[in-house]
Amino acid sequence: MAAIELEGLTKDYGEVLAADELAFDVEAGEIFGYLGPNGAGKTTTIRLLLGFISPTAGTARVLGHDVRDRSGLIEAKRRIGYLSDEPGFDERATGAEVLDLHASVKGDDRRAELLELFSPPLDRPVREYSSGNVQKLGLVTTFMHDPDLVVLDEPTSGLDPLMKQRFAEFLRAENERGVTVFFSSHVLSEVRRLCDRVGIVRQGRLVTVEPVETLLTRSGKAVRLHSATPIPTAVLDLEGVHDLETSGPDDPDSTGTFTECAFTFTGDINALLEALSTHDLLDCSIEEAPLEDVFLRFYGADDA
Ligand SMILES: Nc1ncnc2c1ncn2[C@@H]1O[C@H](COP(=O)(O)OP(=O)(O)OP(=O)(O)O)[C@@H](O)[C@H]1O
């Protein structure tokens with residue numbers, strides 16, 4: 001059964017079509033990543049799903065309730081946890097008071113356990129919080145009533161690497177307990193560790209929905225090399241090398257060589273390492289390709 005179903009969901013802001021006939025399902029029990037660059041329409045989709053704004057056309061169902069049906073959606077929200085990209089807590093309230101307020105609306109069976117995990121300060125007013133602490137408080141409010149479905153808008157923004165890791169482990173454990181997760185991100189490396197499937201949105205339009213493995217296989221790695229001595233560029237004449245940029249040395253005798261280079265690699269990593277094995281590298285980094293590059297490579301330039 002689908003936890004979320006979008007059917008031609010559209011939001012027209014006049015100047016901007018922020019959601020353009022979106023149609024896809026999020027299955028119960030999956031972790032679904034909603035990916036897109038800044039301004040793609042992720043927050044708009046989430047706000048439509050939670051009934052904060054009304055669709056211009058089309059609709060969606062969340063836990064079986066149509067988002068245009070106010071009372072049905074209120075019913076559904078008892079079972080939903082939501083983390084906004086800008087949690088708008090009362091700045092004068094302390095963390096404890098914010099939690100008490102949320103508890104009075106939805107319950108707080110899991111408050112103690114979540115406080116132990118994310119430990120936001122509780123006695124200080126929210127206006128004194130760092131953005132990371134606001135995010136931690138937001139995570140506690142999102143999960144403390146033990147929801148069946150969580151909708152998270154850029155949940156790791158502001159968290160330090162340790163907290164990001166803790167959050168990822170927590171989310172996986174929640175998912176194993178059966179919680180459905182829909183979360184937005186503009187960072188590919190973040191969704192790759194967590195998601196079963198990803199939907200990619202760009203300029204309000206759904207570009208693709210696919211298993212995360214498929215996306216990663218196609219998107220490749222961003223590779224940078226730095227060598228002590230010139231390496232013949234022909235060494236990188238391998239299948240899967242794209243957008244190769246090389247520099248140095250300036251010596252005219254060294255034409256056709258490089259000491260620094262960057263490229264996207266979609267080929268066999270062993271073949272690349274073997275080709276480089278006889279060269280004297282000072283540095284080598286192989287990272288997830290940035291989402292913007294993936295868009296350019298597979299989904300065309302900014303003319304969609
Ligand atoms: N209330 C509004 N009125 C007019 N335009 C809006 C409104 N809210 C959002 N937009 C526009 O709709 C588009 C999508 O915005 P949205 O915030 O949904 O994108 P996003 O993918 O969440 O971006 P980010 O990753 O930067 O948070 C943008 O062009 C934005 O400027």
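**Ligand shell, annotated domain and two aspartates with positive phi**

Asp-146 lies in the loop that runs between helix H5 (131-143) and strand E7 (149-153); helices (H or I, at least four residues) and strands (E, at least two) are DSSP runs, numbered from the N terminus. The structure is a predicted model, in which local features need pLDDT of at least 70, side-chain atom pairs count only at pLDDT 80 or more, and totals for chains, interfaces and linings use all residues. Residues are numbered from 1 along each chain as its sequence is written.

Although Asp-146 is not a glycine, its phi is positive, at about 55°. Asp-146 counts as partly exposed because it has 17 C-beta neighbours inside 10 Å. A residue is buried if 20 or more other C-beta atoms lie within 10 Å of its own, exposed if 12 or fewer, and partly exposed in between, with C-beta atoms placed from the backbone. Asp-243, also not a glycine, has a positive phi of about 50°. Asp-243 belongs to strand E12 (residues 241-247) and, with 14 C-beta neighbours inside 10 Å, counts as partly exposed.

The ligand is surrounded by 13 residues, of which Ala-18, Asn-38, Lys-42, Thr-43 and Thr-44 come nearest; a residue is near a molecule if its C-beta atom, placed from the backbone, lies within 6 Å of it. Helix H1 (residues 42-49) gives the most to this shell, with 3 residues.

An unreviewed UniProt entry places the feature "domain: ABC transporter" at residues 4-228; such annotations may be inferred rather than shown by experiment, feature names are shortened, and positions are given in the numbering used here. The span of residues 4-228 is 36% helix and 31% strand, and its end C-alpha atoms lie 54 Å apart.
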